[in-house]
Amino acid sequence: MQTRLPSCMLKSKSADLYQECLRTVPDDANSMVLAKIILPFVEGVKKIGVQKSNPVKGHMFEMLVAEMLIIHEILPFYTQAAMLNIPMSKFDILCYHPKAPVVFSVKFSLAERWRETAFEGDSLKSVYRNARCYLVTAIEGERKNDDGVRSGEVRKRQKDIAEEKILGIDAILVAGSQEMYDCLNSLAKETFCEAEPVDPIEKYRRLVK
(Lines give C-alpha, C1' and ligand atoms only; values in the text may rest on other atoms or scores of the structure.)
Protein backbone atom coordinates (compact mmCIF):
# COMPACT_ATOMS: atom_id res chain seq x y z
CA MET A 1 0.00 0.00 0.00
CA GLN A 2 1.14 3.52 -0.77
CA THR A 3 0.61 6.14 1.88
CA ARG A 4 -2.10 8.75 1.38
CA LEU A 5 -0.44 11.18 3.78
CA PRO A 6 0.75 14.54 2.41
CA SER A 7 4.47 14.95 1.74
CA CYS A 8 4.78 17.47 4.60
CA MET A 9 4.17 14.62 7.06
CA LEU A 10 6.78 12.32 5.51
CA LYS A 11 10.05 14.12 6.20
CA SER A 12 11.44 12.19 9.16
CA LYS A 13 13.03 8.89 10.15
CA SER A 14 9.69 7.87 11.64
CA ALA A 15 8.00 8.47 8.29
CA ASP A 16 10.63 6.39 6.48
CA LEU A 17 10.02 3.46 8.85
CA TYR A 18 6.26 3.89 8.55
CA GLN A 19 6.35 3.80 4.75
CA GLU A 20 8.68 0.81 4.80
CA CYS A 21 6.18 -1.14 6.87
CA LEU A 22 3.27 0.10 4.76
CA ARG A 23 4.69 -1.80 1.79
CA THR A 24 3.61 -5.05 3.52
CA VAL A 25 -0.04 -3.93 3.64
CA PRO A 26 -2.38 -5.05 0.81
CA ASP A 27 -3.60 -2.19 -1.39
CA ASP A 28 -7.25 -2.98 -0.59
CA ALA A 29 -6.77 -3.21 3.18
CA ASN A 30 -9.34 -1.42 5.31
CA SER A 31 -8.39 0.59 8.40
CA MET A 32 -8.74 -2.40 10.77
CA VAL A 33 -6.38 -4.54 8.70
CA LEU A 34 -3.97 -1.62 8.30
CA ALA A 35 -3.75 -1.12 12.07
CA LYS A 36 -3.29 -4.81 12.83
CA ILE A 37 -0.36 -5.04 10.40
CA ILE A 38 1.34 -1.76 11.33
CA LEU A 39 0.99 -1.83 15.13
CA PRO A 40 3.30 -4.82 15.83
CA PHE A 41 5.97 -3.14 13.71
CA VAL A 42 5.60 0.14 15.63
CA GLU A 43 5.74 -1.73 18.94
CA GLY A 44 8.98 -3.41 17.87
CA VAL A 45 10.94 -0.37 16.64
CA LYS A 46 13.23 -0.54 19.68
CA LYS A 47 14.25 -4.07 18.71
CA ILE A 48 15.63 -2.90 15.37
CA GLY A 49 18.00 -0.44 17.02
CA VAL A 50 16.01 2.79 16.74
CA GLN A 51 17.39 5.43 19.07
CA LYS A 52 14.85 7.29 21.22
CA SER A 53 12.22 4.72 20.24
CA ASN A 54 9.32 6.24 22.21
CA PRO A 55 9.16 9.49 20.17
CA VAL A 56 9.49 7.44 16.97
CA LYS A 57 6.69 5.11 18.06
CA GLY A 58 4.49 8.05 18.93
CA HIS A 59 5.07 9.75 15.60
CA MET A 60 4.46 6.55 13.63
CA PHE A 61 1.28 5.90 15.55
CA GLU A 62 0.03 9.41 14.81
CA MET A 63 0.71 8.82 11.10
CA LEU A 64 -1.22 5.55 11.27
CA VAL A 65 -4.27 7.24 12.83
CA ALA A 66 -4.09 10.03 10.24
CA GLU A 67 -3.93 7.39 7.48
CA MET A 68 -7.03 5.72 8.92
CA LEU A 69 -8.95 8.99 8.79
CA ILE A 70 -7.96 9.49 5.15
CA ILE A 71 -9.06 5.95 4.27
CA HIS A 72 -12.50 6.80 5.68
CA GLU A 73 -12.41 10.16 3.84
CA ILE A 74 -12.72 12.14 7.07
CA LEU A 75 -11.29 15.32 5.61
CA PRO A 76 -9.98 17.91 6.01
CA PHE A 77 -8.17 17.68 9.34
CA TYR A 78 -5.35 19.50 11.10
CA THR A 79 -2.43 17.96 12.97
CA GLN A 80 -0.78 19.46 16.08
CA ALA A 81 -3.39 22.22 16.00
CA ALA A 82 -3.66 25.05 18.52
CA MET A 83 -6.97 26.92 18.73
CA LEU A 84 -6.92 30.65 19.34
CA ASN A 85 -9.70 30.72 21.92
CA ILE A 86 -8.54 27.66 23.87
CA PRO A 87 -5.42 28.46 25.95
CA MET A 88 -2.54 25.95 25.89
CA SER A 89 -4.32 23.79 23.31
CA LYS A 90 -2.36 21.50 21.01
CA PHE A 91 -4.55 18.79 19.52
CA ASP A 92 -2.90 15.83 17.78
CA ILE A 93 -5.64 15.66 15.14
CA LEU A 94 -8.46 18.20 14.76
CA CYS A 95 -11.44 17.81 12.43
CA TYR A 96 -12.82 21.33 12.41
CA HIS A 97 -16.47 22.30 12.44
CA PRO A 98 -17.60 25.76 13.60
CA LYS A 99 -20.07 24.25 16.09
CA ALA A 100 -18.98 20.65 16.63
CA PRO A 101 -15.25 20.03 16.13
CA VAL A 102 -13.81 16.57 16.74
CA VAL A 103 -10.36 15.94 18.16
CA PHE A 104 -8.29 12.77 18.38
CA SER A 105 -5.69 12.55 21.13
CA VAL A 106 -3.20 9.93 19.95
CA LYS A 107 -1.39 8.04 22.74
CA PHE A 108 0.46 4.81 21.92
CA SER A 109 0.15 3.61 25.51
CA LEU A 110 -2.57 4.78 27.84
CA ALA A 111 -0.85 4.84 31.26
CA GLU A 112 -1.80 8.10 32.98
CA ARG A 113 -1.85 10.10 29.73
CA TRP A 114 -5.63 10.06 29.69
CA ARG A 115 -5.49 12.88 32.23
CA GLU A 116 -3.91 15.20 29.65
CA THR A 117 -6.56 14.26 27.10
CA ALA A 118 -9.35 14.83 29.63
CA PHE A 119 -8.01 18.33 30.32
CA GLU A 120 -7.76 19.13 26.60
CA GLY A 121 -11.25 17.78 25.91
CA ASP A 122 -12.78 19.66 28.82
CA SER A 123 -11.16 22.90 27.64
CA LEU A 124 -12.49 22.33 24.12
CA LYS A 125 -16.01 21.56 25.33
CA SER A 126 -16.08 24.70 27.46
CA VAL A 127 -15.97 26.70 24.20
CA TYR A 128 -17.65 24.26 21.79
CA ARG A 129 -20.49 22.55 23.65
CA ASN A 130 -21.04 19.97 20.89
CA ALA A 131 -17.38 19.08 20.48
CA ARG A 132 -16.18 15.49 20.81
CA CYS A 133 -12.84 14.23 22.06
CA TYR A 134 -11.57 10.70 21.39
CA LEU A 135 -8.46 9.19 22.91
CA VAL A 136 -6.87 6.67 20.51
CA THR A 137 -4.42 4.16 21.95
CA ALA A 138 -2.51 1.22 20.48
CA ILE A 139 -2.75 -1.27 23.33
CA GLU A 140 -5.34 -1.85 26.01
CA GLY A 141 -2.72 -2.14 28.74
CA GLU A 142 -3.20 -3.58 32.20
CA ARG A 143 -3.31 -2.26 35.74
CA LYS A 144 -3.71 -3.72 39.23
CA ASN A 145 -6.80 -2.77 41.17
CA ASP A 146 -7.01 -2.51 44.95
CA ASP A 147 -7.38 -6.28 45.23
CA GLY A 148 -4.29 -6.94 43.13
CA VAL A 149 -6.36 -8.25 40.23
CA ARG A 150 -5.27 -7.16 36.77
CA SER A 151 -7.85 -5.51 34.55
CA GLY A 152 -7.72 -3.77 31.18
CA GLU A 153 -6.80 -0.11 31.50
CA VAL A 154 -9.06 0.85 28.61
CA ARG A 155 -12.04 -1.00 30.09
CA LYS A 156 -11.46 0.67 33.45
CA ARG A 157 -11.28 4.17 31.98
CA GLN A 158 -14.26 3.53 29.70
CA LYS A 159 -16.27 2.60 32.79
CA ASP A 160 -15.11 5.83 34.47
CA ILE A 161 -16.23 7.81 31.41
CA ALA A 162 -19.65 6.11 31.42
CA GLU A 163 -20.04 6.93 35.12
CA GLU A 164 -18.92 10.54 34.45
CA LYS A 165 -15.89 10.16 36.70
CA ILE A 166 -13.77 11.33 33.75
CA LEU A 167 -14.97 14.41 31.90
CA GLY A 168 -13.72 15.72 28.58
CA ILE A 169 -13.29 12.34 26.85
CA ASP A 170 -16.16 10.85 24.85
CA ALA A 171 -14.52 7.47 24.29
CA ILE A 172 -11.22 5.63 24.39
CA LEU A 173 -10.63 3.75 21.14
CA VAL A 174 -8.08 1.03 20.49
CA ALA A 175 -6.65 1.32 16.97
CA GLY A 176 -7.76 -1.61 14.85
CA SER A 177 -10.77 -2.39 17.06
CA GLN A 178 -14.34 -2.70 15.84
CA GLU A 179 -15.28 0.26 18.05
CA MET A 180 -12.82 2.55 16.29
CA TYR A 181 -13.86 1.25 12.87
CA ASP A 182 -17.50 2.01 13.69
CA CYS A 183 -16.58 5.46 15.02
CA LEU A 184 -14.69 6.33 11.83
CA ASN A 185 -17.55 5.09 9.67
CA SER A 186 -19.93 7.31 11.63
CA LEU A 187 -17.67 10.36 11.36
CA ALA A 188 -17.30 9.77 7.62
CA LYS A 189 -20.96 10.79 7.27
CA GLU A 190 -20.28 14.21 8.81
CA THR A 191 -18.91 17.34 7.16
CA PHE A 192 -15.75 19.09 8.31
CA CYS A 193 -14.08 22.18 6.90
CA GLU A 194 -11.09 24.48 7.04
CA ALA A 195 -11.23 27.17 9.68
CA GLU A 196 -11.86 30.73 8.57
CA PRO A 197 -8.83 33.06 8.77
CA VAL A 198 -8.86 35.09 11.97
CA ASP A 199 -7.55 38.63 12.16
CA PRO A 200 -5.18 38.82 15.15
CA ILE A 201 -6.07 42.53 15.56
CA GLU A 202 -9.39 42.48 17.40
CA LYS A 203 -9.93 46.24 17.90
CA TYR A 204 -8.38 49.46 16.63
CA ARG A 205 -9.35 53.08 15.98
CA ARG A 206 -8.23 53.30 12.38
CA LEU A 207 -6.02 51.56 9.84
CA VAL A 208 -3.33 53.75 8.21
CA LYS A 209 -1.91 52.42 4.96
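How do the residues of the lining of the largest cavity divide into nonpolar, polar and charged? Here are my notes, with the answer in point 3; keep in mind that this is a predicted model.

1. Let's start with the cavity search. Run over the whole structure, it turns up one cavity of 30 Å³ or more. The volume of the largest cavity comes out at about 30 Å³.

2. Who lines it? If you want to find the spot in the viewer, pick out Ile 86, Pro 87, Met 88, Ser 89 and Phe 91, then add Phe 119, Glu 120 and Ser 123. Helix H4, which covers residues 114–127, gives the most to this lining, with three residues.

3. Back to the opening question: the lining has five nonpolar residues, two polar ones and one charged.

4. Now over to His 72, which is worth a look of its own. You'll find His 72 in the loop that runs between helix H3 (53–71) and strand S1 (78–81). Is His 72 buried or exposed? His 72 counts as buried because its relative accessibility is 10%, and the cut-off for buried is under 20%.

5. The side chain of His 72 has polar partners too. One polar contact goes to the side chain of Ser 31, at 2.8 Å. Another goes to the side chain of Asn 185, at 3.1 Å.

6. As for what else His 72 touches, leave aside residues up to four places away in sequence: Tyr 181, Leu 184 and Ala 188 are then among its contacts, along with Ser 31 and Asn 185.

Conventions: Residues numbered from 1 in each chain as written. Predicted model: local features only at pLDDT ≥ 70, side-chain atom pairs only at ≥ 80, totals over all residues. Heavy atoms only, no water. Helix = DSSP H or I, 4+ residues; strand = E, 2+ residues; numbered from the N terminus. Buried < 20%, exposed > 50% of the residue type's maximum accessible area, 1.4 Å probe, protein only. Polar contact = N/O pair within 3.5 Å; in protein donor to acceptor, adjacent residues only side chain to side chain. Contact = heavy atoms within 4.5 Å. 1 Å grid on protein atoms, 1.4 Å probe; cavity = no way out; pocket = protein on both sides within 12 Å on 5 of 7 lines; lining within 4 Å. Points joined across faces, edges and corners; volume = space filled by probe spheres on them. Nonpolar A, V, L, I, M, F, W, Y, C, P; charged D, E, K, R; others polar.
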